[in-house]
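Below are some notes on the model, set out as numbered points. They are meant to be read beside the sequence and the coordinates.

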Amino acid sequence: MTHEELAALPTTITIGTAARALGLGRTRAYQLARENRFPCKVIRIGTTYRVVTADLQRHLSVSE
């Protein structure tokens, strides 16, 4: 994922999108989220996980 793509993301994104940005597989990303070990802030809404984009960008050191 390029810096431009990361900057254009909405406020929250799916685990799959965050995993792609981090270079993780989707299964591993969900496993980390379930274990509260995902490297970025994850919000759980029912059975859905959303990643806070600002935290992902900070983790990846992306400047706006």
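1. A convenient place to begin is the register of the sheet, where T14 has R50 of β3 as its bridge partner. The two strands concerned, β1 and β3 (residues 48–52), pair in the antiparallel sense over three bridges. Please keep in mind throughout that this is a predicted model, and that the values quoted here are computed from it.

2. Taken as a whole, the sheet is open and consists of three strands in the order β1-β3-β2, with antiparallel pairing. The edge positions are held by β1 (12–14) and β2 (42–45), each of which pairs on one side only. From one strand to the next, the twist averages 40 degrees. As general background, strands of a sheet pair through backbone hydrogen bonds, in either a parallel or an antiparallel arrangement.

3. Which helix lies across β1, β2 and β3? Helix α2, spanning residues 15–22, does so, and runs at about 90 degrees to β1. After α2 comes G23, which has a positive phi, near 80 degrees.

4. Within α2, the residues I15, T17, A18, A19 and A21 are buried. The cover over the buried residues of this helix includes elements from several parts of the chain, namely α1 (3–7), β1, α3 (26–34), β2, β3 and α4.

5. The largest nonpolar core has 15 residues, and those touching the most other members are I13, I15, A18, F38, V51 and L56. At least two residues of this core are supplied by each of α2, α3 and β3, while the largest share, four residues, comes from α2. A18 deserves a separate look, as this α2 residue is buried and, leaving aside residues up to four places away in sequence, touches I13, F38, V51 and L56.

6. A last point concerns D55, which lies in helix α4, covering residues 53–59. Where does the side chain of D55 find a polar atom pairing with a backbone nitrogen? The backbone nitrogen is that of K41, and it lies 2.5 Å from a polar atom of the D55 side chain. When residues up to four places away in sequence are not counted, D55 touches P39, C40 and K41, so K41 appears both in this list of contacts and in the polar pair at 2.5 Å.

Conventions
Residues numbered from 1 in each chain as written. Predicted model: local features only at pLDDT ≥ 70, side-chain atom pairs only at ≥ 80, totals over all residues. Heavy atoms only, no water. Polar contact = N/O pair within 3.5 Å; in protein donor to acceptor, adjacent residues only side chain to side chain. Contact = heavy atoms within 4.5 Å. Pairing = 2+ DSSP bridges. Axes fitted to C-alpha atoms, helices over the stretch in contact; angles between N-to-C directions. Buried < 20%, exposed > 50% of the residue type's maximum accessible area, 1.4 Å probe, protein only. Core = buried A, V, L, I, M, F, W, Y, C linked by side-chain atoms within 4.5 Å.
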